[in-house]
Amino acid sequence: MASNLVRKWMQMSVRLRKLKNVFSADTGMHMNEIWVLGKIDNAVRTSGCGVGNTQIQKDMQITKSAVSQIIDSLVEKGYVDRSPDAEDRRRMCLTVTPSGQQVLHQLTETANDLADKVAANMGEEKIQLMFDLLNEFIDGFMETQGEPEDDAGSDSMCPHDSSASRDAR
């Protein structure tokens with residue numbers, strides 16, 4: 001049974017990687033860039049200054065240099081501005097540009113359209129059950145590894161989507 005579960009998990013992982021291309025194809029952005037752009041936008045709207053590199057690194061479980069590369073790419077594409085924090089000059093303040101806002105809006109619309117189509121096809125109850133079971137599976141796996149529960153997935157990729165409106169769908 002265990003080998004069958006591992007095989008099925010690997011197959012699902014491959015399919016999930018293919019799914020991320022749906023969002024990337026429309027924008028020419030990698031999924032990590034999309035996630036970081038949304039994370040910065042959420043942080044700016046809640047605290048006035050973007051999230052720090054360390055928090056992004058912790059949430060995404062990637063290296064500091066990978067975070068820097070992602071942010072550099074977003075700055076180069078014109079989606080993020082980087083400036084010294086007025087209160088702490090050691091810290092950089094990241095903000096989403098109007099161009100970045102436009103991309104986030106486009107991603108939100110694409111994600112909502114896809115979610116509506118899938119919900120119409122599968123039904124919201126089945127989708128919710130799938131998410132609940134997948135989270136339970138991942139939590140169970142992480143517990144066997146002695147890892148704490150991970151809440152990095154709790155942030156919306158689409159920052160214009162409040163958790164209340166996501167839950168209502």
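Me: At what angle do the axes of helix α5 and α6 cross, and within what distance do they come?

Reply: The axes of α5 (residues 98-122) and α6 come within 7 Å and cross at roughly 105°. An axis here is a line fitted to C-alpha atoms, for helices over the stretch in contact, and angles run from 0 to 180 degrees between N-to-C directions. Helices are DSSP runs of H or I with at least four residues, strands are runs of E with at least two, and both are numbered from the N terminus. Please keep in mind that this is a predicted model, in which local features need pLDDT of at least 70 and side-chain atom pairs count only at pLDDT 80 or more, while totals for chains, interfaces and linings use all residues. Residues are numbered from 1 along each chain as its sequence is written, and side-chain values use heavy atoms, leaving out hydrogens and water.

Me: Why are α5 and α6 called roughly perpendicular?

Reply: Angles of 65 to 115 degrees count as roughly perpendicular (under 35 is roughly parallel, over 145 roughly antiparallel, the rest oblique). The crossing angle is roughly 105°, so α5 and α6 are roughly perpendicular to each other.

Me: Which residues of α5 and α6 meet?

Reply: Val 118, Ala 119 and Met 122 in α5 meet Glu 124, Lys 126 and Ile 127 in α6. Contact means heavy atoms within 4.5 Å.

Me: What makes Leu 107 count as buried?

Reply: Buried means under 20% relative accessible area, exposed means over 50%, and partly exposed is in between (1.4 Å probe, protein chains only). Leu 107 has 2% relative accessibility, so it counts as buried. Leu 107 is found in helix α5, and its C-alpha atom is separated by 9.2 Å from that of Ser 24, although the two are 83 residues apart along the chain.

Me: Why is Met 12 called partly exposed?

Reply: Met 12, placed in helix α1, has a relative accessible area of 39%. That value lies between the two cut-offs, so Met 12 is partly exposed.

Me: What makes Met 12 eligible for a nonpolar surface patch?

Reply: Patch residues need over 30% relative accessible area and no salt bridge, and nonpolar side chains (Val, Leu, Ile, Met, Phe, Trp, Tyr) are joined within 5 Å, like charges within 9 Å. Met 12 is one of the residues that make a nonpolar patch of about 830 Å². The elements giving two or more residues to this patch are α1 (2-27) and α6 (124-144). The largest share, seven residues, comes from α1.

Me: How do you know that Glu 33 and Lys 77 form a salt bridge?

Reply: A salt bridge needs a side-chain nitrogen of Lys or Arg within 4 Å of a carboxyl oxygen of Asp or Glu. For Glu 33 and Lys 77, the N to O distance is 2.9 Å, so the pair fits the rule. The pair links distant parts of the chain, with Glu 33 in helix α2 (residues 31-47) and Lys 77, 44 residues apart from it, in the loop between α4 (64-76) and β1 (80-84). Glu 33 is buried at 4% relative accessible area, whereas Lys 77 is partly exposed at 33%.

Me: How many salt bridges does this rule give?

Reply: The count comes to four. Among them is Asp 41 with Arg 45, whose closest N and O atoms are 3.1 Å apart. Both lie in helix α2, four residues apart, about one turn of the helix. Asp 41 is buried at 2%, while Arg 45 is partly exposed at 48%.

Technical notes: Areas by Shrake-Rupley, 256 points an atom, 1.4 Å probe, with all protein chains shown as cover.
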